[in-house]
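Reader: I am new to reading protein models. Could you take one part and go through it closely with me?

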Amino acid sequence: MTRSNRVNPATPRPSGGDRGSLPHVRALDGVRGLAVSAVLAFHGGVALLPGGFLGVDAFFVLSGFLITALLLTEHVGTGRIDLLAFWARRVRRLMPALLIMLAAVLVAGRWLLSADELPALRTDALSAVAYAANWHLMARGGYFAQTAPPSPLQHTWSLAIEEQFYLVWPVLLLVILAACRGFGDRRRRAVVVVLCLGGAAESTIAAAMLSGGDTDRLYYGTDTRAAALLIGGAVAAVLAGREPAARRWHPLLGSLALAGAAVTGWLWATADGGARWLFQGGLLSAALAVAAVIAHAVRSPGSPTARVLSFA
């Protein structure tokens, strides 16, 4: 292959998937890979990553970024957001795998669990299908407990929060864009950024006010975990309509990404899930750190940030 035909792994290319033709940025696959590795390491008891559970927050930031970017791209291209088509794509993308997983767990549960545990497992499965697993599992508790047996479907709590975001955020965004119809594109995006940051601040304040209570209420609550999704949405609104920068190192974003990577690594290596400071601004800091890395990878696809994250 000649030099002219080589494909830069960090360069965005059309995804060919959802309406709006969002570019595919391979560096974001790297963010996913690191995040899921951190979560698996945490649940596997790897001592070096006691804060690996924060990989979920990285997923939240990434989901907020991608969904908001997709919706804004569709609105710019068509002047509207087809909510039914958007929700149908989410169902096709998520529901088949979810149903197969639930069926497998329910079948395995008949062999691996006691008869007393099976009714609770069936209820857990119903809550997962209803996109309410986080609120249901909140009552069961024990995410960070060392003795209480976890539900085999405990991991569906984060998917439930994302699905709730998929249901509510497109409607809110459509209302915001309709209210700003007379504004220019930059002013509309500025309004979205301000509202996203305001919502993230309110979520953090809500978590801080509840931080003296039940840890599971704080960890599972949609309201207390929404900040990361909204931070991702704010980044999408800031970058919407901007072409990737030709230069390999954007001075401001590069510095923020370097700091964000350092903060993320430190949090994953030191955070304790039961620590109150996490819910008094710690989770917000984790979301902002990941957002800085994502912003630089997308804005400067030739940067070291994007190249490292694009490494297969």
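Author: Let us start with a pair of helices. Helix α6 covers residues 156-179, and helix α7 covers residues 185-209. The two pack at an angle of about 135°. Their axes lie 10 Å apart. That angle makes α6 oblique to α7. The cut-off explains the word: an angle over 145 would count as roughly antiparallel, and 65 to 115 as roughly perpendicular, so the angle here falls under the rest, called oblique. The crossing of α6 and α7 also has a hand, and that hand is right-handed. Why give both an angle and a distance? Two packed helices are described by the angle between their axes and the distance between those axes.

A word on what you are looking at. This is a predicted model. The protein chain has 312 residues, and 48% of them count as buried. It holds 12 helices and 2 strands. Along the sequence, the two β elements are followed by the α elements, as the pattern β-β-α-α-α-α-α-α-α-α-α-α-α-α shows.

Now stay with helix α7 and look at its side chains. Take Asp185. Which residues does Asp185 meet in salt bridges? One is Arg188, with 3.8 Å from N to O. That value passes because a salt bridge needs the nitrogen within 4 Å of the carboxyl oxygen. Asp185 and Arg188 both sit in helix α7, 3 residues apart, which is about one turn of the helix. The other partner is Arg189. Its closest N and O atoms with Asp185 are 3.1 Å apart. Arg189 and Asp185 are 4 residues apart in helix α7, again about one turn.

How covered are these three? Asp185 is partly exposed, at 32% relative accessibility. Arg188 is buried, with a relative accessible area of 17%. Arg189 is buried too, at 12%. Both arginines get that label because buried means under 20% relative accessible area.

Next comes another salt bridge, between Arg217 and Asp223. Here the closest N and O atoms are 2.8 Å apart. Arg217 is partly exposed, with a relative accessible area of 22%. Asp223 is partly exposed as well, at 31% relative accessibility. Back on helix α7, salt bridges that share partners join Asp185, Arg188 and Arg189 into one network. The count of salt bridges comes to 7.

Move on to helix α8, which spans residues 215-220 and contains Asp216. Is Asp216 buried or exposed? Asp216 counts as buried, at 11% relative accessibility. Now compare sequence with space. Asp216 and Met138 are 78 residues apart in sequence. In space, their C-alpha atoms are 5.7 Å apart.

Last, go to the surface. Val107 is found in helix α3, which covers residues 83-112. Val107 is exposed, with a relative accessible area of 53%. The label fits because exposed means over 50%. Val107 also belongs to a nonpolar surface patch, together with Trp111 and Leu112. The patch covers about 450 Å².

To recap the part we began with: α6 and α7 pack at about 135°, their crossing is right-handed, and α7 carries the bridges from Asp185 to Arg188 and to Arg189.

Terms used
Residues are numbered from 1 along each chain as its sequence is written. This is a predicted model: local features need pLDDT of at least 70, side-chain atom pairs count only at pLDDT 80 or more; totals for chains, interfaces and linings use all residues. Side-chain values use heavy atoms; hydrogens and water are left out. Patches are made of residues with over 30% relative accessible area and no salt bridge: like charges are joined within 9 Å, nonpolar side chains (Val, Leu, Ile, Met, Phe, Trp, Tyr) within 5 Å. Accessible areas come from the Shrake-Rupley method with a 1.4 Å probe; for residues, only the protein chains shown count as cover. A salt bridge is a side-chain nitrogen of Lys or Arg within 4 Å of a carboxyl oxygen of Asp or Glu. Buried means under 20% relative accessible area, exposed over 50%, partly exposed in between (1.4 Å probe, protein chains only). Axes are lines fitted to C-alpha atoms, for helices over the stretch in contact, and angles run from 0 to 180 degrees between N-to-C directions. Angles under 35 degrees count as roughly parallel, over 145 as roughly antiparallel, 65 to 115 as roughly perpendicular and the rest as oblique. A crossing is left-handed if the near helix is turned anticlockwise from the far one by less than a right angle, and right-handed if clockwise.
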